Amino acid sequence: MFLIKNGKVLTMTGKLYDGADILIENGVIKAIGGNLDTGGERSTRIIDATNFFIMPGLIDAHSHLGIKSAHSNDAVTASQRASNDIKFLAPDFSEALKAGVTQTLIMPRYDNLVSGMCALCKTNTNADDMFLNDSAAMKATLSGAQEGEMNESKRMALTALLRDELFSAKEYLNAKERAKQNDLPFTRSESMESWEGVLTRKIPLIIEARFREDVETAVRMKKLLNIDIVICGCDRAEPAFEEVAENHIPVVYTGDFSSGGLDKLSMLEKIGVEFAISANSPNSPIAYLPFYAGLAAKSGISLFAALKSVTTAPAKILGSISRTATIEVGKDADIAIFDDNPLEVFSNVIATIVDGDICYER
């Protein structure tokens, strides 16, 4: 048990407490309020947060923490799992904790069309309990880090390959069900099995799409197959934004963080698109995540939208909102304490708490 005392608490539920305490027990938030009583527990650790900002731990919805880049000769590696390749002692996790990041979606790091299954993790690097979901999303890339416009014939080929893969998986699952109903033998395919969560809408397909044509392809995939899509990137796709909004597709913005690029976030906010901001580590350090959210606020999105983009928005997109991303009684005690406004570049993280354990302290 420990107590955080007398801080400015940004709950991300719409409530703001000034000079409040947070009591943590058994990894969850037990109470929030003024002058909380620890019940005489001698072992209670107390953190004095006077004049400090307390908020939910930050969430990065697109990273490669603890994973080395790799090349695959196969365009589709759907059965590849990020959870099998994470190096838990990689310094990436320490850097995340120093930045107040307590949760991230880790992608397989293959440079192909479908790189595989993503893992939703806490950053405490305890292999026994760091995974919130080791099969949280499937990752595909239509346009990633290309500097220029993709050759149209290549774009069409990638689109056709992804569509064929999804339809093959759908037919495979239908055939599997028919075999089961008729008590017939069936040959199992690990690659096809990997698509079941996407096609039954248990998890989303994350499509990295920077350009308008690729975003429009992602929208068509959603309509054609009735699946949940998340678009990652989206920094050169303004003409398709209205279609993204109309189809209720969330966006993880990993693109241009110059003033011109951040104008895209203002556009998305105005038309009601749910979006998260990602540092896209290691392309840029995960420590930049709060800084990028601050830049977005400076460039025109509301302060609350900026805070949401690294807390509740990614948690909703990734399916962890019931446990994390807000400071409420009963939620996981994933908390970041800053010495000033969390979105200011000069602010420092004083402590990062994951599942009730102090994992970083300045």
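Modeller: Lys and Arg count as positive here and Asp and Glu as negative, while His and the chain ends are left out. The model is predicted.

Colleague: How far apart are the mean positions of the positive and negative charges of the chain?

Modeller: The chain has 37 positive and 49 negative charges. Averaging the places of each set gives two points, and their separation is 2 Å.

Colleague: Which radius of gyration does the chain have, and what would a compact globule have?

Modeller: The C-alpha atoms fill a box of roughly 65 × 50 × 35 Å along the principal axes. For 362 residues, a compact globule would have a radius of gyration near 21 Å. The value for the chain agrees with this, as it is 21 Å.

Colleague: What share of the contacts with a separation of 6 or more joins residues 24 or more positions apart?

Modeller: The chain holds ten helices and 16 strands. Of its 362 residues, 55% count as buried. Among contacts with a separation of 6 or more, the share from residues 24 or more positions apart is 65%.

Colleague: Is N247 buried or exposed?

Modeller: N247 sits in the loop between α6 (241–246) and β12 (251–253). The cut-off for buried is under 20% relative accessible area. N247 has 14% relative accessibility, so N247 counts as buried.

Colleague: Which backbone oxygen does the side chain of N247 reach?

Modeller: Leaving aside residues up to four places away in sequence, N247 touches V219, K222 and K223. The polar partner of its side chain, at 2.8 Å, is the backbone oxygen of E243.

Colleague: Where does N26 lie, and is N26 buried or exposed?

Modeller: N26 is not a glycine, yet its phi is positive, about 55 degrees. Most residues other than glycine have a negative phi. N26 belongs to the loop between β2 (16–25) and β3 (28–33). Exposed requires over 50% relative accessible area, and at 73% N26 therefore counts as exposed.

Colleague: What is the phi of N51, and is N51 buried or exposed?

Modeller: N51 is in the loop between β4 (45–48) and β5 (53–56). Its phi is near 70 degrees, a positive value in a residue other than glycine. With a relative accessible area of 55%, N51 is exposed.

Colleague: Which residues does the cis peptide bond with omega of about 10 degrees join?

Modeller: Most peptide bonds are trans. This cis bond has an omega of about 10 degrees. One partner, P282, lies in the loop between β13 (275–277) and α8 (289–298). The bond joins S281 and P282.

Technical notes:
Residues numbered from 1 in each chain as written. Predicted model: local features only at pLDDT ≥ 70, side-chain atom pairs only at ≥ 80, totals over all residues. Heavy atoms only, no water. Helix = DSSP H or I, 4+ residues; strand = E, 2+ residues; numbered from the N terminus. Rg over C-alpha atoms; globule rule 2.2 N^0.38 Å. Buried < 20%, exposed > 50% of the residue type's maximum accessible area, 1.4 Å probe, protein only. Contact = heavy atoms within 4.5 Å. Charge placed at Lys NZ, Arg CZ, Asp CG, Glu CD. Polar contact = N/O pair within 3.5 Å; in protein donor to acceptor, adjacent residues only side chain to side chain.
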